[in-house]
Every structure is written in C-alpha cells, then in structure tokens.
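Subject: Structure for you to look at

Dear colleague,

I am handing over the structure below, together with some notes on its ligand, its internal spaces and a few points of backbone geometry. Please read the notes with the structure open beside them.

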Amino acid sequence: MHLNLFIQSRGHHEAAWRHPKSSRLPLTDIDYTVEVTQKAEAGLFDSIFLADVLGLWNDVSTTPFNWLEPLTTLAALSMATSKVGLIATASTTYTEPYNLARQLCSLDHISRGRIGWNIVTTWSPQAGGNFGGIGQVTHADRYERAEEYMAVVKGLWDSWADDAVLDDRAAGRYADPGRVKAINHDGQHYKVKGPLNLPRSPQGRPVFVQAGSSDTGKRFAAHHAEAVFTAHLEKKTAKAFYVELKGLLAAEGRDPSQVLILPGFSPIIGSTETEAKRFSDELNDLSDPEVGRNRLSLRFGGADLSHLSLDKPLAPEDLPNPALNEASRSRTEVIVDFVREQRPTLRQLLAKLAGARGHFVFEGTPDQVADLMEEWVAGGVADGFNLMPPVLPEMLDVFIAEVIPILQKRGLFRTHYEGNTLRSHFGLQRPAA
Ligand SMILES: Cc1cc2nc3c(=O)[nH]c(=O)nc-3n(C[C@H](O)[C@H](O)[C@H](O)COP(=O)(O)O)c2cc1C
C-alpha cells in the first residue's frame with residue numbers, strides 16, 4: 001500500500017485552522033511544513049504533496065487558503081529530510097516549459113532523486129487574470145497545450161544522456177557534447193531549442209503525478225501519469241474510476257501496475273466511535289455554511305448560488321452543468337453525482353464538502369480505518385491513499401501512532417524504506433534517456 005501525505009493549511013477540514021489541536025505556527029513559517037514532513041518520513045510515507053493555486057481565490061476574511069510557494073518549499077524540505085518523496089503542483093498553462101523543466105531538474109538533484117510533479121492545467125479562474133492578460137484558458141485548450149508542454153519538458157529532461165558528464169580533470173573534458181542534444185521543438189504553442197542547461201537528474205526526470213479526473217483528464221493521465229490523485233465521495237465512484245483508468249492504461253499499451261491510483265482519504269480517528277464522532281462534531285461546529293457556499297460557487301467558476309435555500313433538498317438541476325464548467329470539471333461532476341444519488345440539503349452537502357472538499361471522509365477507530373484501507377486496496381479500488389488529515393498535525397500523529405502499526409502487522413505497509421528515491425518508494429522504473 002502506498003501512502004502520500006497531502007499537506008494543506010492546518011489540515012483539510014475547512015475549520016481546521018481554528019481547531020484547538022491544529023498547529024499554532026503561522027502558515028508562512030517553514031518550520032511548520034518541515035515538522036509535518038519529518039513526521040511523514042518517520043511514519044515511512046512514500047511522499048508528501050503540496051498543492052498550488054496561482055491566484056488568491058479564497059475569501060481571506062474566513063479562509064487561510066494561502067501557503068508558501070511549493071517549488072521553493074520543496075528545496076527547503078529536501079534539506080530537512082533524506083528519504084521521503086516530495087511532490088509539488090506546477091501548472092502547464094501558466095508556466096514556461098523551459099523554466100519549469102529546469103526548476104524540477106534542479107530540485108531532483110537537490111533532493112537526490114525524491115521529486116514528483118503534480119501536473120495540473122490550473123482550474124482556478126483567478127489564475128487567468130494574473131498571467132499575460134489572456135484570461136482563463138478553456139478546459140479543452142488547457143489540456144491541448146498540456147500535451148505539447150509534456151513533449152517539450154520530456155525532451156528537455158532527456159537532452160542530456162545519463163553519461164554526458166565526464167568531469168575528467170586530467171583530460172580537461174567536462175562533458176561530451178555528442179551526448180547533449182538540442183530538442184528544436186517548434187510547435188503550435190511552444191518554440192524551445194534546448195538543450196537544458198543542467199545534466200540529467202537522479203530519477204531521470206521527476207515522477208509524473210496527475211490529478212485531473214474529467215474524461216480529458218483521464219486520457220491525459222493514461223498518456224503521462226505514474227501516480228494519480230483523485231477525489232471521490234463514495235467508494236462506488238472510486239472503484240469505477242480505478243477500473244476505467246487501469247483499462248485506459250492497458251489500451252495505451254502501458255503497464256497498469258506502473259501507474260498508482262491514490263484517492264484522497266480523510267480519516268477522523270478516535271479510540272472509540274463516539275470519540276471520533278465528537279472530534280467531527282467539534283469541527284462541524286466551527287464551520288460556517290456561507291463559507292462553504294462561497295467555495296462551492298468557486299468550483300463552478302464563480303456561479304451565483306446565493307438563491308439556494310440551505311434546508312431544502314437539492315436536485316442536480318439546482319447546480320450548474322459540470323459539462324459546461326471551464327473550472328474544476330471533474331470535482332463538480334463528483335458533487336452533482338452525489339446530489340443526484342443522495343438528494344442532500346445544501347447544508348448537508350456543504351457539511352460533507354467541508355470535511356475534505358469532495359474527498360472521502362471517514363470517522364472510526366484505528367482498526368476500522370485500517371479495515372477500510374485494506375478493503376479498498378484488496379478490492380481493486382486503490383493502490384494506496386492520498387492521506388488528508390482533517391487537522392494537522394494532530395490527526396497525522398494519531399494515524400502514524402495507531403493506524404500504521406496495524407497496516408504493518410497485516411503486512412500491508414513497509415516497515416523501513418528500501419530505497420532513497422520516490423521512484424523506488426512507488427516501485428516505478430527509471431525512464432531511459
Ligand atoms: C488531490 C488533488 C489535488 C489537486 N491539486 C491541484 C492543485 O494543486 N492545483 C490545481 O490547479 N488543481 C489541482 N487539482 C485539480 C486537478 O488537477 C484538475 O486541474 C481539475 O480537477 C480540473 O481538471 P479535470 O476537470 O480534468 O479534473 C487537484 C486535484 C486533486 C484530486
């Protein structure tokens with residue numbers, strides 16, 4: 001079973017930042033991220049993950065959805081840890097491929113082979129207003145650009161052969177120019193000559209992680225991803241996603257075992273069910289449905305949801321059509337599917353989303369949490385999990401102390417790191433140059 005720790009704010013519950021057991025450190029204090037990452041390493045996690053949004057999209061009066069820039073943060077984490085994998089989001093829509101290829105290659109050298117890249121096309125409409133004045137690029141165009149972007153960065157990471165650097169002091173030859181090649185990419189969106197100005201990194205290139213789950217997103221994952229994050233409110237949809245994506249991989253001629261599917265999982269753990277429920281109630285009592293309504297509106301690209309009554313059962317038609325959503329399409333599909341099946345009131349839906357923004361939330365004892373994880377992995381629903389503790393570091397501490405030993409006892413999780421790279425933790429091959 002593979003475990004990634006998703007570090008965000010003071011935990012994934014909307015009200016985590018106000019909970020008495022969440023960290024007291026400012027979110028801009030690197031010691032906070034270092035402390036949580038070191039805990040993940042002590043707990044033998046495969047990796048940690050930092051998300052990113054290229055604009056201020058939250059209401060700052062109520063939501064501390066701000067964090068240090070992920071790539072620079074990974075550099076700091078690289079120096080404070082030695083084993084755990086380090087994954088960050090970077091956008092294919094609002095960055096230049098040469099810059100990003102160089103930054104990720106550099107990070108893979110700095111961390112000695114522990115970097116993963118969460119490839120996103122950036123759903124947030126705010127980003128469009130911050131880069132080049134082009135406005136928001138449509139969902140379809142973002143993925144089309146992303147395909148070309150991948151060709152460029154892959155070319156750049158392969159522009160140095162593994163053995164290009166000779167560093168032969170006696171002969172006075174630093175590198176073999178025959179093993180360093182320009183890429184001369186001349187495409188619709190990018191013109192990049194290359195080669196990269198850095199030798200190939202320990203992992204060859206960063207591990208490719210992907211987190212878009214729309215139909216286009218799944219096809220993109222089938223072409224490129226080596227690990228996939230995905231959000232599901234129900235086991236049924238997680239299973240359908242798993243089966244479909246593994247099928248797409250086989251159809252692409254790729255080995256399905258070389259792509260890990262890691263759904264988000266936010267366990268609220270108590271020594272008894274009552275204790276877990278109490279913790280969950282504490283968080284819900286700190287939540288404000290109007291904060292949730294605003295967040296939900298942003299998922300639909302800023303749609304006006306102010307007319308919806310909090311206590312009337314919702315119908316799918318009350319929400320905008322996800323197929324026309326240029327923002328976060330797959331997440332809104334998950335939400336509308338849930339409304340179709342369960343007919344919650346808006347208040348109930350917002351309480352559900354407050355837990356982990358549309359990822360799977362579960363309350364229970366350590367044994368119940370371990371049972372669920374085992375069931376999903378054995379039942380072909382997941383290859384592991386993107387763990388999203390509701391409150392950090394509290395629920396991570398409980399997970400490491402109480403759940404990991406059960407998983408280890410059942411032979412489901414490592415008892416020591418066997419290698420030093422993220423590829424090794426994920427069981428992935430190193431790509432040939
Ligand atoms: C666990 C997880 C983390 C994500 N992190 C980011 C992120 O940091 N930045 C971002 O722009 N999108 C993020 N996304 C969103 C997706 O990558 C994707 O851009 C979005 O869902 C829209 O594409 P889609 O409609 O194909 O899913 C994340 C999704 C998941 C499931």
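Around the ligand, β4 (115–120), α5 (139–157), β10 (227–230) and α10 each supply at least two residues of the shell, and α10 makes the largest contribution, with 3 residues. Please keep in mind throughout that this is a predicted model. The shell comprises 25 residues, and the closest to the ligand are D52, Y143, S213, S214 and S330. Sorted by class, the residues of the shell are 9 nonpolar, 13 polar and 3 charged.

Three polar contacts to oxygen atoms of the ligand may be useful when you inspect the site. In the side chain of Y143, a polar atom lies 2.5 Å from a ligand oxygen, while for H139 an N or O atom of the side chain is 2.9 Å from an oxygen atom of the ligand. A211 takes part through its backbone, where an N or O atom lies 3.2 Å from an oxygen atom of the ligand. On its own the ligand would expose 630 Å², and the protein buries 96% of that area.

Turning to the internal spaces, a search of the whole structure finds 5 cavities of 30 Å³ or more. The largest cavity, with a volume of about 700 Å³, is lined by 38 residues, and those closest to its centre are V120, W123, A211, R299 and R331. This largest cavity is the space that the ligand takes. Its lining draws at least two residues from each of β4, α5, β10 and α10, with α10 giving the most, namely 4 residues. By class, the lining of the largest cavity divides into 16 nonpolar, 16 polar and 6 charged residues.

The second largest cavity has a volume of about 140 Å³, and the residues that line it include I7, S9, L27, Y32, L50 and W67. In the lining of this second cavity there are 7 nonpolar and 4 polar residues, and no charged ones. One of the lining residues, S9, also deserves a look for its backbone, since S9 is not a glycine and yet has a positive phi of about 45°. S9 is placed in the loop between β1 (2–6) and α1 (30–42).

Among the open spaces, the largest pocket holds about 250 Å³ and is lined by 17 residues, of which H232, T237, E333, V334 and D337 lie nearest its centre. The elements that give two or more residues to this lining are α6 (215–224), α7 (235–251) and α10 (329–342), and the largest share, 5 residues, comes from α10. The lining of the largest pocket has 6 nonpolar, 6 polar and 5 charged residues.

Finally, please check two cis peptide bonds before you prepare the model for any calculation of your own. G194 and P195 are joined by a cis peptide bond with omega of about -5°, and P195 is found in the loop between β8 (191–192) and β9 (207–210). The peptide bond from L392 to P393 is likewise cis, with omega near 0°, and P393 is found in the loop between β13 (384–387) and α13 (394–409).

With best wishes

Conventions:
Residues are numbered from 1 along each chain as its sequence is written. This is a predicted model: local features need pLDDT of at least 70, side-chain atom pairs count only at pLDDT 80 or more; totals for chains, interfaces and linings use all residues. Side-chain values use heavy atoms; hydrogens and water are left out. On a 1 Å grid over the protein atoms alone, a cavity is a set of points where a 1.4 Å probe fits but cannot get out, and a pocket is an open set with protein on both sides within 12 Å along at least five of seven lines; lining residues have an atom within 4 Å of a point. Grid points are joined across faces, edges and corners, and a volume is the space filled by probe spheres set on the points. Ala, Val, Leu, Ile, Met, Phe, Trp, Tyr, Cys and Pro count as nonpolar, Asp, Glu, Lys and Arg as charged, and the others, Gly among them, as polar. A residue is near a molecule or strand if one of its heavy atoms lies within 4 Å of it. A polar contact is a pair of N or O atoms within 3.5 Å; within protein, one must be able to donate a hydrogen and the other to accept it, and residues adjacent in sequence count only if both atoms are side-chain atoms. Accessible areas come from the Shrake-Rupley method with a 1.4 Å probe; for residues, only the protein chains shown count as cover. A molecule sits in a cavity or pocket if more than half of its atoms lie within 2 Å of its grid points.
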